[in-house]
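Me: I am new to this structure and should like to learn how its features are read. Would you take me through them in order?

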Amino acid sequence: MNKWNVLALAVLASAVAACGKKETAPEGGEPAVTSPVAVEVSGGNPAAEQAALEIAGDYMRAIVEEISDDRYEGRGPGSRGDAAAREYLTERMAALDLEPGAADGSWEQPFDLVGINATQPDTWTFNGHDGSLTLQQWEQFIVGSGVQEERAEVTDAEVVFVGYGIEAPEYDWDDYKGADLEGKILLVMNNDPDWDPELFGGETRLWYGRWDYKYLSAARQGAAGAIIIHTAPSAGYPFQVVQTSWTGVQFELPAGDEPRSQVNAWVTEDSARELVAMAGLDLDELRERAFNRDFEPVPLGITTSISMDVDIDRVQSANVLGLIRGSDPELRDEVVIYTAHHDHLGIGTPNEDGDTIYNGAMDNATGVAQVMAIAKAIKALPRAPRRSVLVNLVGAEEQGLLGSEYYAANPTFAPGKIAANLNYDGGNIWGHTHDVTFIGLGKSSIDDIVRLIAEEQGRVVKPDQFADKGYFYRSDQFSFAKIGVPAMYLDTGTDFVDRPPEWGRQQLDHYTEVNYHQPTDEYDASWSFDGMVDDALLGFWTGLAIANADEVPVWSPGDEFEAARLEALEAVED
Ligand SMILES: [Zn+2]
């Protein structure tokens, strides 16, 4: 806990307690100060409670309804729907009187995307000593190009089972053991070891447990390709999410000099089972072996070839940036950044009703709406917070956090000057909750601030309710954490007011099963914005507290991002 926390958190409580209660302004003056400490919390501005009232469901609803409309065609990066959404959001920012936050006084920070559209083969054949196995595209496998070239090709490569495919010196874990994997196809398990709390965060999924790490890890070994074995528990979502997310155009930032494999694939668990059975092995037994530090790669004696034509297209998207300049001449070059991604999947494979537009209403029109509502409230303060506040609506998140990654590599404030990142991705569409989910709880001193404010809202802060799904690494706060910025993501609680205890989880599970990354993620007039108002208020007060504090948040000692923070702070020291 830093100095400011110790001194001011206690007093912050009473200021926040007043939030939501309408103040009556004394004649000809500012609203009455309900608490002397409101001054400290709100940067010398007694009207923060009044400003907080700007966070209203109707304002958010209008934004969600607009950009999730079919007219925006699912906001696929680089599409006309993407451009239209950015234009609309720019107008809304201008209407709030934000300042253009990108370079040269512009609203947009453009970035190039390489669109890769592989013509996936209908079948994929694997040859063993006495027999072969042919898998069907879509039902059994999904494959993408690992290279930004017109053809991806692997010829007669041997398939090697590599367990988790993890190299983690800090856990004394190396699944490769120096094996020569050059030109091989690696069959790899998803997730990371989760049976021991001392290993890889226990049930919490770390970066090591993510698909992007798996492919990168295989490429570092010089592998020709990697095949991830899908299981719903180890991925955190059903195979249909793989199908819809990995077909059609895939976007990447332009390639640098990082290692790359030719192909990156997924297979269903049943297919993997059949594949290893061809080698006379049992998948469960292989996985059992992989639960051990002593695991060594298992060549399967199976070879395979695959090739695909790849359409390469270069398009542009942009992050939309609106700035509220800080009021303190000494601190205004530091910033609190709110993020929410404005993109979604665009137009894609039709669902059974023939709908091809992936509207992305909950994911993430709701997050955009919450951040805009927070900006509206901050702008309603008669005096801006001490530090600056940047509203950063990033693009191309669904394709691998690309907009935020680009921003992190090309930030408008030096990383050491970014006090914190608060991210919203997927709002609560079901109503008030007794709890709020804090993705990243335990990682930084932001915890203390959020806990206290939530308490004043009468809510409890819970850690990730689905820790095995690795949400911290699945949205844009991760891009900020990687450059050292203390970062968090506020997500839907699960304990709904006036509902049975299991109701919330049922809604969330149902959403994941039926609507997540599907054309059915559409706005519904029956959605409640009450929970989003609560969550946005929490983010408003938290950001305000950080923007006005003497000291900036810090990572918990030993956190995986602490070293990056120290480096970033050193870089901006005079
Ligand atoms: Zn999202």
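Reply: The turns below treat the metal site, a pocket, the salt bridges and some backbone details of this predicted model.

Me: Let us begin with the metal. Which atoms coordinate the zinc ion?

Reply: One reads a metal site from its donor atoms. Here the zinc ion is coordinated by NE2 of His 341, an OD atom of Asp 363 and two entries for OD of Asp 425, at 2.0 to 2.6 Å. Along the sequence these donor residues follow the spacing H-x21-D-x61-D. His 341 belongs to strand S14 (residues 335-341), whereas Asp 425 sits in the loop between strand S18 (418-424) and strand S19 (435-439); this pair links distant parts of the chain, 84 residues apart.

Me: Why is the arrangement around the zinc ion described as irregular?

Reply: The angles between donors decide the matter. A tetrahedral site with four donors would need all angles between 85 and 135 degrees. The four donor atoms here subtend angles of 54 to 149°, and the arrangement is therefore irregular.

Me: Are His 341 and Asp 425 buried or exposed?

Reply: The test is relative accessible area, and a residue under 20% counts as buried. His 341 is buried, at 0%. Asp 425 has 10% relative accessibility and also counts as buried.

Me: How does one find empty space in a model, and what is the volume of the second largest pocket?

Reply: Rolling a probe the size of a water molecule over the atoms shows where empty space is left. In this model the second largest pocket holds about 690 Å³ of space. It is lined by 28 residues, and those closest to its centre are Leu 206, Lys 443, Tyr 473, Glu 560 and Phe 561.

Me: Which elements give two or more residues to the lining of that second largest pocket, and how do the lining residues divide by character?

Reply: The elements are helix H6 (211-220), S19 and helix H14 (477-482). H6 gives the most to this lining, with three residues. By character, the lining of the second largest pocket divides into 16 nonpolar, five polar and seven charged residues.

Me: Please turn to charged pairs. How many salt bridges does a search of the whole structure find?

Reply: Side chains of opposite charge can pair when their charged atoms come close. The search finds 27 salt bridges in the whole structure. In one of them, Glu 108 pairs with Arg 86, and their closest N and O atoms are 2.9 Å apart. Glu 108 lies in strand S2 (residues 108-118) and Arg 86 in helix H5 (residues 80-95), so the pair ties together parts 22 residues apart in sequence. Glu 108 is partly exposed, at 25% relative accessible area, whereas Arg 86, at 8%, counts as buried.

Me: Where do the residues of the salt bridge between Asp 309 and Arg 151 lie?

Reply: The side chains of Asp 309 and Arg 151 meet at 2.6 Å, N to O. Asp 309 is in strand S13 (residues 298-324) and Arg 151 in strand S6 (residues 151-161); the pair links distant parts of the chain, 158 residues apart. Asp 309 counts as partly exposed at 46% relative accessibility, and Arg 151 counts as partly exposed at 37%.

Me: Which residues are linked in a network of salt bridges?

Reply: The network links Glu 269, Arg 273, Asp 284 and Arg 287.

Me: Finally, what should I look for in the backbone?

Reply: Most residues other than glycine have a negative phi, and most peptide bonds are trans. Exceptions of each kind may be examined here. The peptide bond from Asp 363 to Asn 364 is cis, with omega near 15°, and Asn 364 lies in helix H11. Asp 363 is also one of the residues that coordinate the zinc ion.

Me: Which phi values are found for Glu 73 and Lys 177?

Reply: Glu 73 has a positive phi of about 50° although it is not a glycine. Glu 73 lies in the loop between helix H4 (57-67) and H5, and at 19% relative accessibility it counts as buried. Lys 177 has a phi near 50°, again a positive value in a residue other than glycine. Lys 177 is placed in the loop between strand S8 (173-174) and strand S9 (185-189), and it is partly exposed, with a relative accessible area of 33%.

Note on methods. Residues are numbered from 1 along each chain as its sequence is written. This is a predicted model: local features need pLDDT of at least 70, side-chain atom pairs count only at pLDDT 80 or more; totals for chains, interfaces and linings use all residues. Side-chain values use heavy atoms; hydrogens and water are left out. Donors are N, O and S atoms within 2.8 Å of the metal (3.2 Å for Na, K and Ca); water is not among the atoms, so sites may look incomplete. Four donors count as tetrahedral if all angles lie between 85 and 135 degrees; four count as square planar and six as octahedral if opposite donors are over 155 degrees apart and all others between 65 and 115; anything else is irregular. Helices (H or I, at least four residues) and strands (E, at least two) are DSSP runs, numbered from the N terminus. Buried means under 20% relative accessible area, exposed over 50%, partly exposed in between (1.4 Å probe, protein chains only). On a 1 Å grid over the protein atoms alone, a cavity is a set of points where a 1.4 Å probe fits but cannot get out, and a pocket is an open set with protein on both sides within 12 Å along at least five of seven lines; lining residues have an atom within 4 Å of a point. Grid points are joined across faces, edges and corners, and a volume is the space filled by probe spheres set on the points. Ala, Val, Leu, Ile, Met, Phe, Trp, Tyr, Cys and Pro count as nonpolar, Asp, Glu, Lys and Arg as charged, and the others, Gly among them, as polar. A salt bridge is a side-chain nitrogen of Lys or Arg within 4 Å of a carboxyl oxygen of Asp or Glu.
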